[in-house]
Amino acid sequence: MTGPHSHAQAPARPLEGRKLLLCVGGGIAAYKSLELVRRLRDAGARVQVAMTEGAQQFVTPLSFQALSGQPVRTTLWDGAAEQAMGHIELARWADRVVIAPATADLLARLANGHADDLVTTLCLATTAPVTVCPAMNHRMWLHPATQANLALLRGRGVQVIGPEDGPLAEGESGPGRLSEPDAIVAALAADPVPAAAPDRLNGVRVLISAGPTYEDLDPVRYVGNRSSGKMGYALAAAAARRGAQVVLVSGPVQIATPPGVRRIDVRSAAQMREAVLAELPADIYIGAAAVADYTPQQVSPQKLKKTPGSHTLVLELVRTADILAEVAAQEDALKLVVGFAAETHDVEKYARGKLVDKHLDLIIANQVGIAGGGFESDQNAATAYWADGQRDFPGTAKTQLAEQLLDLITERLDA
Ligand code: PMT
């Protein structure tokens, strides 16, 4: 029964259809990962296991093979295994990589982008989201070096589960215990990444603009806007996960480049225009950037000084080129051109106006200037308009909205 009085129950197999690559690090907690494989499979996931050399000192590959029902990968240099499923294929196969236990050394190597063994190479080669489940001595865990590595990984969107507080292998107590397998399964099940992302975008060239532009007034001041880049980056990350070749032309933002995305940093509207046009042709252009409509007519080479006796300062601004309209005009260079409209009122009227005036295939209108959506927020709501249709996307995380928008963009590509 479903309805207002029914009790919501967790699905029996919350990871049904998920393809998880479990990378086992070299710590005593590796024995718990055997149980983790069993629990992941009970939850419906398909599991492939890769082990570091250290992990094999604690548990044998054979045990993981028996529990996963799959051959276990232990080295980059295994010709037979590479023939069956190469490590790059394995990295692409996974819809999430889970590292348990993640030792201090493994975290350090991941944070620094090493590819000096099978596990670190897989992590570098995958575009799937990565989860680490740390386990180590509590002093190692609390060491500033480990915490700095964690911060780096978190900044790249890596999910961190645990560690738990409690008795440790060396007879000491503190934070460092690997999370229980059930807790790891629950955290993975709560993850919003869909089970199997559609691959219609596989190999498709997607060009995305994101973030604000800064229009310099003098060497220390600029005219900017409140775009954080979160919406555009979420789209880039989601498109890359679907196998698209993503180029992200980004204004100044504080976000790490999503895995598998080629990023070009720009500052001003003029630089963004130049970078975007240089990346054509592409299959899809998505203009998620908040591009300045006006830029100072002159950039002062020296810091502007206050004029004695004057209480006002008049800035002369000139129109910038409309990048989106220019891209849309290059009909042969693209299959689909998608704009965004950031509006504070009369959203449909202005969005449809831009759809027609700029000759777009699709426009995503979002209301700005409100709490819980638009600029800076982690959440957003939108309505998409195209010539003979529209679709509402109620408020949700920008990461989630990006997935829903890509579903629609994929539909419109085939329309
Ligand atoms: O970055 P976040 O903090 O996550 O916020 C997301 C967002 C609100 C910035 C994003 O969802 C959004 O709405 N982006 C478009 C913002 C905007 O500039 O809207 P606009 O209505 O002014 O412009 C319409 C379209 O023309 C946009 O696709 C814009 O990229 C494009 N444009 C505008 C001016 C210009 N000179 N060149 C352009 O290409």
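Start at the ligand, where a polar side-chain atom of Ser-227 lies 2.6 Å from an oxygen atom of the ligand. Keep in mind as you look that this is a predicted model. Two further residues approach ligand oxygen atoms with their backbones: a backbone N or O atom of Lys-230 lies 3.2 Å from one oxygen atom of the ligand, and a backbone N or O atom of Ala-342 lies 3.2 Å from an oxygen atom of the ligand. How much of the ligand's accessible area does the protein cover? On its own, the ligand has 770 Å² of accessible area, and the protein covers 96% of that. In total, 29 residues surround the ligand. The closest of these are Ser-227, Ser-228, Gly-287, Lys-354 and Asn-366.

Now step back and take in the whole chain. It has 415 residues, of which 48% count as buried, and its secondary structure consists of 15 helices and 19 strands. If you drew a box around the C-alpha atoms along the principal axes, the box would be roughly 75 × 55 × 55 Å. The accessible surface of the chain comes to about 20500 Å², and carbon and sulfur atoms account for 52% of that surface. Contacts also link parts of the chain that lie apart in sequence: among contacts between residues at least 6 apart, 68% join residues at least 24 apart.

The domain assignment helps you find your way around. It gives domain 1, residues 19–190, and domain 2, residues 205–413. The centres of the two domains, taken over C-alpha atoms, are separated by 37 Å. Five residues from domain 1 and five residues from domain 2 take part in the contact between them.

For a look inside domain 1, which spans residues 19–190, turn to helix 10, which runs over residues 181–189. Which of its residues are buried? They are Pro-181, Ile-184, Val-185 and Leu-188. Seen down the axis of helix 10, these buried residues fall within an arc of 100 degrees, so they line one face of the helix. The spacing makes sense once you recall how a helix winds: an α-helix has 3.6 residues a turn, so residues three or four places apart point the same way. The cover over the buried residues of helix 10 includes strand 1 (19–24), helix 1 (30–42), strand 3 (96–102), strand 4 (130–134) and strand 5 (159–160).

Domain 2, residues 205–413, offers several residues worth a visit. Begin with Glu-215, which lies in strand 9 (residues 215–216). Is Glu-215 buried or exposed? Its relative accessibility is 3%, so Glu-215 counts as buried. The side chain of Glu-215 makes two polar contacts that you can trace: one with the side chain of Thr-213, at 2.9 Å, and one with the side chain of Thr-295, at 2.8 Å. Leaving aside neighbours within four places in sequence, the residues in contact with Glu-215 are Tyr-222, Val-223, Ser-268, Ala-269, Ala-292, Tyr-294, Thr-295 and Pro-296. For a sense of distance across the model, the C-alpha atoms of Glu-215 and Arg-39 are separated by 54 Å, with the two residues 176 apart along the chain.

Some of those names return at Thr-320. Where does Thr-320 sit? It is found in the loop between strand 15 (317–319) and helix 13 (323–329). Thr-320 counts as buried because its relative accessibility is 15%, and the cut-off for buried is under 20%. Not counting residues up to four places away in sequence, Thr-320 touches Ala-269, Ala-292, Asp-293, Tyr-294 and Thr-295. With Ala-292 there is a polar link as well: the side chain of Thr-320 reaches the backbone oxygen of Ala-292 at 2.6 Å.

Next comes Gly-339, in strand 16 (residues 336–343). Gly-339 has a relative accessible area of 0% and is therefore buried. Beyond its neighbours within four places in sequence, Gly-339 is in contact with Gly-287, Leu-324, Leu-360, Leu-362, Ile-363 and Ile-364. Gly-287 brings you back to the ligand, as it is one of the closest residues there.

Finish at Arg-242, in the loop between helix 11 (230–241) and strand 11 (245–250). Arg-242 counts as buried because its relative accessibility is 4%. Its side chain makes a polar contact with the side chain of Glu-403, at 2.7 Å.

Conventions:
Residues numbered from 1 in each chain as written. Predicted model: local features only at pLDDT ≥ 70, side-chain atom pairs only at ≥ 80, totals over all residues. Heavy atoms only, no water. Buried < 20%, exposed > 50% of the residue type's maximum accessible area, 1.4 Å probe, protein only. Helix = DSSP H or I, 4+ residues; strand = E, 2+ residues; numbered from the N terminus. Arc of directions from axis to C-beta. Contact = heavy atoms within 4.5 Å. Near = heavy atom within 4 Å. Polar contact = N/O pair within 3.5 Å; in protein donor to acceptor, adjacent residues only side chain to side chain. Areas by Shrake-Rupley, 256 points an atom, 1.4 Å probe, with all protein chains shown as cover. Domains from an automatic or database assignment.
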